[in-house]
Amino acid sequence: MTTQRQALLDKIRALLSKTTANGCPEPEALAALAKARVMMDAHAVSDDELQLTKEEKAILLREPRDSKDPHRIKQGLVVAVAAFCECKVWRNRDNILVFCGLRPDAQLAAWLLDTLTAFVQNVLASHLMESIATGHERRRVISSFALGCTDRISQRLNELRKQSESQATSNAKALVVAKGAAIKAKLEECGIELCSRRSSASIGNASSYDAGRAAGNRASFGRPVSGQNATLRLR
């Protein structure tokens, strides 16, 4: 399969993934489906061709080394983002986030994590404009708001993922299995063994935590179609 053909299939898969179950507004989902069908007809792409092939492998996508997470916003989002995008994620020995998944999924995870992190930072800035807290109490306000916002966004992502799983067709379920096998093969190839770790964080300021959760209800999970907007800062 040529690189150009593979790029076409990736673009169509990305369009087909824009469903209401995955958080897209209905008009956007219908427009994406219509565009995908036009591309499939124009390029003679069959449904079978869109299924994952054995030759497609998972990749590792790493953050830039100068990435920072001062308020633990990424830390609060990344597990739910990775699961939503059907990837695995961890921090390596250099404390750099690494996604493992098929290229479109890993790129989506990178884009979504960056986009949601920017959203939390923006609503946090707005919240601080209304706060008169200083010193230690201000730090508690910041950490509590960030925790509330990331908790709520993660909860919404997990709910959407479970809803999508419950409505998945047999082909979609087979694709998930194939993706899991590709990720497992990549981890084994790199000698990587993942283990679960619990992240504990306390609520220092209840009102700021609640305000963060309320802000988290306004986050958008719209998916990019393809290209540069899908990769952003991670490489």
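**Warm-up**

A search of the whole structure finds 7 salt bridges, where a salt bridge is a side-chain nitrogen of Lys or Arg within 4 Å of a carboxyl oxygen of Asp or Glu. The model is predicted, so local features need pLDDT of at least 70 and side-chain atom pairs count only at pLDDT 80 or more, while totals for chains, interfaces and linings use all residues. Residues are numbered from 1 along each chain as its sequence is written, and side-chain values use heavy atoms, with hydrogens and water left out.

**Exercise 1. Describe the chain as a whole.**

Step 1: Begin with the elements. The chain has 7 helices and 3 strands; these are DSSP runs numbered from the N terminus, with at least four residues for a helix (H or I) and at least two for a strand (E).

Step 2: Put them in order. Starting at the N terminus, they run α-α-β-α-β-β-α-α-α-α.

Step 3: Look at burial. Of the 235 residues in the chain, 42% are buried. Buried means under 20% relative accessible area, exposed means over 50%, and partly exposed lies in between (1.4 Å probe, protein chains only).

Step 4: Turn to the surface. The accessible surface comes to about 13,700 Å², and carbon and sulfur atoms hold 51% of it. Such areas come from the Shrake-Rupley method with a 1.4 Å probe; for residues, only the protein chains shown count as cover.

Step 5: Check the contacts (heavy atoms within 4.5 Å). Among contacts with a separation of 6 or more, 76% are between residues 24 or more positions apart.

**Exercise 2. Work out how glutamate 63 and lysine 74 pair up.**

Step 1: Recall the idea. Side chains of opposite charge can pair when their charged atoms come close.

Step 2: Find the distance. Glutamate 63 and lysine 74 form a salt bridge whose closest N and O atoms are 2.6 Å apart.

Step 3: Locate the partners. This pair links distant parts of the chain, 11 residues apart: glutamate 63 is in the loop between strand E1 (59-62) and H3, and lysine 74 is in helix H3.

Step 4: Are these two residues buried or exposed? Glutamate 63 counts as buried because its relative accessibility is 4%. Lysine 74 is also buried, with a relative accessible area of 3%.

**Exercise 3. Follow the salt bridges around aspartate 105.**

Step 1: Start with one pair. Lysine 179 forms a salt bridge with aspartate 105, and the closest N and O atoms are 3.0 Å apart.

Step 2: Place both ends. Lysine 179 sits in helix H6 (residues 170-190) and aspartate 105 in helix H4 (residues 103-129), 74 residues apart.

Step 3: Judge the burial. At 11% relative accessibility, aspartate 105 counts as buried, and lysine 179 is buried too.

Step 4: List the neighbours. Beyond its neighbours within four places in sequence, aspartate 105 is in contact with Cys85, Glu86, Cys87 and Lys179.

Step 5: Compare with a pair inside one helix. Glutamate 137 and arginine 140 meet in a salt bridge of 3.0 Å, N to O. Both lie in helix H5, 3 residues apart, about one turn of the helix. Glutamate 137 is partly exposed at 31%, and arginine 140 is partly exposed at 30%.

Step 6: Now return to aspartate 105. Salt bridges that share partners join Glu86, Asp105 and Lys179 into one network.

**Exercise 4. Inspect the backbone at glutamate 86 and asparagine 95.**

Step 1: Glutamate 86 lies in the loop between H3 and strand E2 (88-91). Its phi is positive, about 60°, although glutamate 86 is not a glycine. Glutamate 86 is partly exposed, at 32% relative accessible area.

Step 2: Asparagine 95 is in the loop between E2 and strand E3 (97-101). Its phi is also positive, near 65°.

**Exercise 5. Explain how helices H3 and H5 are arranged.**

Step 1: Know the description. Two packed helices are described by the angle between their axes and the distance between the axes.

Step 2: Read off both values. The axes of H3 (residues 73-84) and H5 (residues 135-166) come within 9 Å and cross at roughly 5°. Axes are lines fitted to C-alpha atoms, for helices over the stretch in contact, and angles run from 0 to 180 degrees between N-to-C directions.

Step 3: Classify the angle. H3 is therefore roughly parallel to H5. Angles under 35 degrees count as roughly parallel, over 145 as roughly antiparallel, 65 to 115 as roughly perpendicular, and the rest as oblique.

Step 4: Name some partners. Residues of H3 including Ile73, Leu77 and Phe84 meet residues of H5, among them Ala146, Ile153 and Leu157.

Step 5: Sort the contact. Its residues divide into 10 nonpolar, 4 polar and 1 charged. Here Ala, Val, Leu, Ile, Met, Phe, Trp, Tyr, Cys and Pro count as nonpolar, Asp, Glu, Lys and Arg as charged, and the others, Gly among them, as polar.
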